[in-house]
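This briefing walks through a single model, moving from its strands to its side-chain contacts. Please keep the sequence and the coordinates open while reading the points that follow.

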Amino acid sequence: MELLFKTAEQVTLNTVTMQHPTEGVLVYTEWLNTEGRIMDCEVRSKDGYLIEEEDLVADVYQFVDSLK
C-alpha cells in the first residue's frame with residue numbers, strides 16, 4: 001500500500017443531547033471548521049443508530065438552531 005495524500009484540519013465538535021417527545025433521547029453532533037462553518041452533522045439515537053428520517057432530522061435541526 002502506498003500513501004497518496006494526507007491532510008489534517010483542526011475542527012470543533014459540538015454535541016447536543018435532547019429528549020424528543022416521541023423518539024426519546026437523540027444526539028445531534030456537528031463538526032465545525034476553524035471559521036465556525038458546519039462541515040458535517042448527524043443525528044443518532046441514544047443507542048448510536050443513525051437517524052435519517054427527514055421530518056425527524058428537520059425537527060432536530062430546528063431545535064438546535066433555536067439554541068443558538
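In this predicted model, three strands form an open sheet in the order β1-β2-β3, with antiparallel pairing. The edges of the sheet are β1 and β3, each of which pairs on one side only, and the twist from one strand to the next averages 15 degrees. Helix α1, residues 54-67, packs on this sheet and touches β1, β2 and β3, with a direction that makes about 115 degrees with that of β1.

**Strand pairing and hairpins**

- Strand β1, which covers residues 12-20, and strand β2, which covers residues 24-32, are paired in the antiparallel sense over nine bridges, and the hairpin that joins β1 to β2 runs through three residues.
- Within this pairing, threonine 15 has threonine 29 of β2 as its bridge partner, while threonine 17 stands opposite valine 27, again in β2.
- Strand β3, residues 38-45, pairs with β2 in the antiparallel sense over seven bridges, and the hairpin of β2 and β3 has five residues between the strands, with glycine 36 taking a positive phi near 85 degrees.
- Two bridges can be used to locate the register of β2 against β3: leucine 32 has isoleucine 38 as its partner in β3, and leucine 26 has serine 45 as its partner in β3.

**The loop residue asparagine 33**

- Asparagine 33 lies in the loop between β2 and β3, and it counts as buried because its relative accessibility is 16%, which falls under the 20% cut-off for that class.
- The side chain of asparagine 33 reaches the backbone nitrogen of glutamate 35 at 3.0 Å.
- When residues up to four places away in sequence are not counted, asparagine 33 touches Glu9, Gln10 and Met39.

**The aromatic pair**

- The structure holds one aromatic pair, formed by tyrosine 28 and tyrosine 61, whose ring centres are 6.0 Å apart and whose planes stand at 80 degrees, so the pair is classed as edge-to-face.
- This pair links distant parts of the chain, since tyrosine 28 belongs to strand β2 and tyrosine 61 to helix α1, with their positions 33 residues apart in the sequence count.
- The partners fall into separate accessibility classes: tyrosine 28 is buried, with a relative accessible area of 4%, whereas tyrosine 61 is partly exposed, with a relative accessible area of 32%.

**The nonpolar core**

- The largest nonpolar core consists of nine residues, namely Met18, Leu26, Tyr28, Val43, Ile51, Leu56, Val57, Val60 and Val64.
- The elements that give two or more residues to this core are β2 and α1, and the largest share, four residues, comes from α1.
- Leucine 26, a member of this core, touches Val16, Thr17, Met18, His20, Val43, Arg44, Ser45, Ile51, Leu56 and Val60 when residues up to four places away in sequence are not counted.
- The contacts of leucine 26 therefore include its bridge partner in β3, serine 45.

**The buried glutamate in β2**

- Glutamate 30 has its place in strand β2 and is buried, with a relative accessible area of 4%.
- The side chains of glutamate 30 and tyrosine 28 are joined by a polar contact of 2.7 Å, so that tyrosine 28 takes part both in this contact and in the aromatic pair with tyrosine 61.
- From C-alpha to C-alpha, glutamate 30 and cysteine 41 are 4.1 Å apart in space, although they are 11 residues apart in sequence.
- Leaving aside neighbours within four places in sequence, glutamate 30 is in contact with Thr12, Leu13, Asn14, Ile38, Asp40, Cys41 and Lys68.

How values were computed: Residues numbered from 1 in each chain as written. Predicted model: local features only at pLDDT ≥ 70, side-chain atom pairs only at ≥ 80, totals over all residues. Heavy atoms only, no water. Pairing = 2+ DSSP bridges. Axes fitted to C-alpha atoms, helices over the stretch in contact; angles between N-to-C directions. Contact = heavy atoms within 4.5 Å. Buried < 20%, exposed > 50% of the residue type's maximum accessible area, 1.4 Å probe, protein only. Polar contact = N/O pair within 3.5 Å; in protein donor to acceptor, adjacent residues only side chain to side chain. Phe/Tyr/Trp six-rings, centres within 6.5 Å; stacked < 30°, edge-to-face > 60°. Core = buried A, V, L, I, M, F, W, Y, C linked by side-chain atoms within 4.5 Å.
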